[in-house]
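Q: Please take a close look at the side-chain pairs in this structure. I would like to know which residues are involved, where they sit and how much of each is covered.

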Amino acid sequence: NACCRGGKRGGKAARGRMEKLTQDMLLRGIRPNTVTFNTMLKGAAQAEDVGWAESVFEAMPSEGVRGDHITYSTLVNACAVSGDIAKAMGYLEEMIEVGIEPTESTLTSLIRGCEWAGDVASARRAYEYQTDIMSTSVMISMADCLTACGHASQALDLLGVNVGALSGGSGGDGPALRGRLDGRQLNSALKALRSARDVSSSLK
């Protein structure tokens with residue numbers, strides 16, 4: 001786990017250290033398990049090295065190791081951070097196919113990646129993969145993605161904000177919204193409102 005440190009800049013060195021440690025384990029007759037592979041995946045994700053992450057994942061079956069929710073969540077995050085949304089969506093769908101429910105962190109990291117890539121369609125697909133219990137964090141990530149991609153009015157609808165009911169007085173929108181939204185929702189809603197009004201002003 002200590003070898004994961006260093007982020008993107010230290011990725012190559014971290015990979016070398018991890019691979020050497022893995023070889024040492026094998027020489028000593030210690031077989032890698034799910035934790036071992038997930039730790040290597042973590043290093044690959046922090047290094048933003050999708051190729052490394054995929055090679056680690058592909059090596060798991062040969063050791064008789066199955067991926068768990070951490071495995072798939074880390075793969076999704078690695079792909080999303082690197083901007084490969086198609087691969088991130090593929091691993092999300094594979095995760096569901098093998099019977100592992102995506103966690104809140106899986107979906108939020110993927111939707112954030114979609115925001116950076118400007119891919120609203122994939123963000124919507126990811127959002128629909130929530131279970132029956134709707135996550136506030138996932139909803140806020142989706143709203144922020146919509147706002148960043150030019151769909152502020154849809155973000156406000158998602159957050160349940162009725163723009164017509166806001167006074168727009170000298171106190172601004174914050175006081176009107178504060179009683180109905182928690183801190184994170186409020187920040188997301190205010191961003192969407194500013195974006196929507198900027199667009200409206202530019203069209204006048």
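**Side-chain pairs, charged and aromatic**

A: At a relative accessibility of 38%, Lys-191 counts as partly exposed. What follows describes a predicted model. The side chain of Lys-191 meets that of Asp-144 in a salt bridge, with 3.4 Å from N to O. Asp-144 belongs to helix H8 (residues 136-148) and Lys-191 to helix H11 (residues 183-203), so this pair ties together parts of the chain that are 47 residues apart in sequence. The partner of the lysine is covered to another degree, since Asp-144 has a relative accessibility of 16% and counts as buried; the limit that matters here is 20%, as residues under that value are called buried.

This is one of three salt bridges that the structure holds. In another, the side chains of Lys-87 and Glu-54 meet at 3.0 Å, again taken from N to O. Lys-87 is in helix H5 (residues 85-97) and Glu-54 is in helix H3, so the contact joins parts that lie 33 residues apart in sequence. Here too a partly exposed lysine faces a buried acid: Lys-87 has a relative accessibility of 33%, whereas the value for Glu-54 is 15%.

The remaining salt bridge is formed by Arg-125 and Glu-93, whose closest N and O atoms are 2.3 Å apart. It links distant parts of the chain, with Arg-125 in helix H7 (residues 120-127) and Glu-93 in helix H5, 32 residues apart. Both members of this pair are partly exposed, for Arg-125 has a relative accessible area of 40% and Glu-93 one of 25%. Helix H5 therefore takes part in two of the bridges, through Lys-87 and through Glu-93.

The aromatic pairs come next, and their count is two. In one of them, Phe-57 and Tyr-72 are arranged edge-to-face, with 5.5 Å from centre to centre and 70° between the planes. This pair also links distant parts of the chain, as Phe-57 sits in helix H3 and Tyr-72 in helix H4 (residues 69-82), 15 residues apart. Both Phe-57 and Tyr-72 are buried. The other pair brings Phe-57 together with Tyr-91: the ring centres are 5.7 Å apart and the planes stand at 85°, so this pair is edge-to-face as well. Phe-57 is in helix H3 and Tyr-91 in helix H5, so the pair ties together parts that are 34 residues apart in sequence. The relative accessibility of Phe-57 is 13%, which counts as buried, and Tyr-91 is buried with a relative accessible area of 9%. Through these ring pairs, Phe-57, Tyr-72 and Tyr-91 are linked into a cluster. Helices H3 and H5 are thus connected in two ways, by the salt bridge between Glu-54 and Lys-87 and by the ring pair of Phe-57 and Tyr-91.

The setting of these pairs is a protein with 11 helices and zero strands. Of its 204 residues, 42% count as buried. Among the contacts with a separation of 6 or more, residues 24 or more positions apart account for 58%. In soluble globular proteins, nonpolar side chains tend to be buried together. The largest nonpolar core of this model has 48 residues, and those with the most contacts inside it are Leu-92, Leu-110, Ile-111 and Ala-126. Leaving aside residues up to four places away in sequence, Leu-110 touches Val-76, Ala-80, Ala-88, Met-89, Leu-92 and Ala-126.

Two further residues, outside the pairs described above, complete the picture. Asn-38 has its place in helix H2 and, at 9% relative accessibility, counts as buried. With residues up to four places away in sequence not counted, Asn-38 touches Asp-68, Ile-70 and Thr-71. Glu-48 is found in the loop between helix H2 (34-46) and helix H3 (50-59), and is partly exposed with a relative accessible area of 33%. Although Glu-48 is not a glycine, its phi is positive, at about 55°.

Definitions and conventions. Residues numbered from 1 in each chain as written. Predicted model: local features only at pLDDT ≥ 70, side-chain atom pairs only at ≥ 80, totals over all residues. Heavy atoms only, no water. Core = buried A, V, L, I, M, F, W, Y, C linked by side-chain atoms within 4.5 Å. Buried < 20%, exposed > 50% of the residue type's maximum accessible area, 1.4 Å probe, protein only. Contact = heavy atoms within 4.5 Å. Helix = DSSP H or I, 4+ residues; strand = E, 2+ residues; numbered from the N terminus. Salt bridge = Lys/Arg side-chain N within 4 Å of Asp/Glu carboxyl O. Phe/Tyr/Trp six-rings, centres within 6.5 Å; stacked < 30°, edge-to-face > 60°.
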